[in-house]
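Here are some friendly notes to read alongside the model. They go from the whole chain down to single residues.

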Amino acid sequence: MPPVILLIAKRILGALPSIAAVVVVTFVLTRALPGDPAAYFAGPAADQESVEEIRRKLGLDKPLPVQFIAYLGDLAQGNFGTSLTTGQPVAADIAQRLPASVELTLCGLVLALVIAIPLGIAAATRPGSWVDHLARVISTAGVSLPVFFTGLLLVYIFYYLLGWAPAPMGRLDLFATAPPTITGFYLVDSLIAGDGAAFRASAAQLALPALTLGLFALAPLARMTRASMLGVLSSDFIRTARASGLSRGTVLVTYALRNALLPVVTTLGMVFSFLLGANVLVEKVFAWPGIGSYAIEALVASDYAPVQGFILTMAVMYVALNLMIDILYGLIDPRVRIEG
């Protein structure tokens with residue numbers, strides 16, 4: 001069996017206990033939340049008999065171990081339950097909303113990488129210069145400002161004051177038509193369909209929320225790139241490469257950057273997981289129809305199934321992300337392949 005397949009199988013088996021723990025903890029915590037979903041959906045005018053009838057229909061009158069076994073049986077069949085808020089299966093709601101969250105997160109991460117890595121390299125090659133100070137200021141601001149405040153500030157400046165950005169009303173404005181669903185990513189689907197108007201409209205709506213997440217992700221990536229590059233640039237093999245007459249670009253990109261990427265990739269994985277959590281606040285600020293806002297609405301309504309489905313989806317995505325990072329390690333530096 002190829003070593004990469006063995007690595008993937010080992011990581012998946014190692015992640016199963018973590019996912020099982022997430023299932024148990026999520027089930028217990030959602031039942032411990034204040035509020036009664038049966039009373040919520042029965043309405044304030046309902047009598048106790050009506051509330052008890054809804055509770056029986058939802059299975060909430062049974063003991064917790066019986067509810068948990070039934071929940072596990074549904075999970076084994078790929079059934080996350082039915083949302084009381086939307087009336088739709090949770091799996092269908094998540095499948096419909098997940099592409100919006102992933103598209104927003106990826107755009108914010110790509111924007112952060114495009115700025116952070118060159119900025120970190122420039123700061124490392126010119127320590128103490130204005131570029132280094134600029135990197136520190138941007139990193140400090142990105143870490144210090146909460147994402148919801150950054151989002152509201154960007155809306156106030158670019159929409160309310162300058163009028164450059166469209167109203168924060170989701171993935172498309174009122175006059176645009178969604179492209180045919182292929183991947184669920186509006187930017188990609190509109191390009192495949194050749195719909196320039198939909199692409200421009202979705203890109204305009206995506207700009208401010210992606211910038212909000214990008215500023216949040218930029219800080220740790222730029223700081224880690226700078227610190228890692230400073231360590232590599234002082235190494236003996238870099239001095240040897242310079243003494244051999246190699247060009248500055250070859251030394252920086254081919255030798256220094258590649259050896260500095262491992263801690264950056266580790267930070268990238270952590271930042272991506274942080275962005276998935278920050279998505280919840282950004283989606284509420286920009287009325288973005290992702291799974292973060294879906295989970296918040298379900299949490300307010302004491303709707304157990306969507307909250308459990310959301311947390312389980314995040315756990316699976318986090319495991320998949322760690323697996324991709326392990327594979328990237330081997331591609332960047334063959335010395336770290338497979339032994340672990």
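**Notes on the predicted model**

1. Let's begin with charge. The protein chain carries 21 positive and 20 negative charges, and the mean positions of the two sets are 15 Å apart. Please keep in mind throughout that this is a predicted model.

2. On the overall fold, the protein chain has 13 helices and zero strands. Reading along the sequence therefore gives α-α-α-α-α-α-α-α-α-α-α-α-α, with helices and strands taken as DSSP runs. The C-alpha atoms fill a box of roughly 85 × 55 × 40 Å along the principal axes.

3. Next, packing and surface. Of the 340 residues in the protein chain, 40% are buried. Among contacts with a separation of 6 or more, 73% link residues 24 or more positions apart. The accessible surface is about 17900 Å², and carbon and sulfur atoms supply 69% of that.

4. The domain assignment splits the protein chain into domain 1 (3–77) and domain 2 (90–332). Their contact draws on 20 residues from domain 1 and 15 residues from domain 2. Taken over C-alpha atoms, the two centres are 31 Å apart.

5. How much area is buried between domain 1 and domain 2? The value is about 1600 Å², with 75% of it from carbon and sulfur atoms. On the domain 1 side, Ile-19, Thr-26 and Thr-30 lose the most area to domain 2, and together they account for 23% of what that side buries. As background, the size of an interface is often given as the accessible area lost when the parts come together.

6. Helix H6 (residues 130–144) contains Ser-139. Is Ser-139 buried or exposed? Its relative accessibility is 2%, so Ser-139 counts as buried, the cut-off being under 20%. Beyond its neighbours within four places in sequence, Ser-139 is in contact with Ala-219, Ala-222 and Arg-223.

7. Thr-225 sits in helix H9 (residues 196–233). Thr-225 is buried because its relative accessible area is 2%. Which residues does Thr-225 contact, leaving aside its neighbours within four places in sequence? They are Ala-116, Ile-117, Gly-120, Ile-121 and Val-264.

8. Leu-153, in helix H7 (residues 147–161), has a relative accessibility of 36% and so counts as partly exposed; that class runs between the 20% and 50% cut-offs. Leu-153 and Thr-212 are 59 residues apart in sequence, yet their C-alpha atoms are 9.4 Å apart in space.

9. Now to the backbone around H12. Ala-287 belongs to the loop between helix H11 (248–285) and H12. Ala-287 is not a glycine, but it has a positive phi of about 50°. Most residues other than glycine have a negative phi, which is why a positive value is worth a look. With 42% relative accessibility, Ala-287 counts as partly exposed.

10. Helix H12 itself covers residues 291–300, and its buried residues are Ile-291, Gly-292, Ser-293, Tyr-294, Ala-295 and Ala-298. Just after H12, Ser-302 also takes a positive phi, here about 55°. When you view this stretch, you could look at Ala-287 in the loop before H12 together with Ser-302 just after H12.

Terms used:
Residues numbered from 1 in each chain as written. Predicted model: local features only at pLDDT ≥ 70, side-chain atom pairs only at ≥ 80, totals over all residues. Heavy atoms only, no water. Helix = DSSP H or I, 4+ residues; strand = E, 2+ residues; numbered from the N terminus. Buried < 20%, exposed > 50% of the residue type's maximum accessible area, 1.4 Å probe, protein only. Contact = heavy atoms within 4.5 Å. Areas by Shrake-Rupley, 256 points an atom, 1.4 Å probe, with all protein chains shown as cover. Lys, Arg positive; Asp, Glu negative; His and termini not counted. Charge placed at Lys NZ, Arg CZ, Asp CG, Glu CD. Domains from an automatic or database assignment. Buried area = accessible area lost by both parts, 1.4 Å probe.
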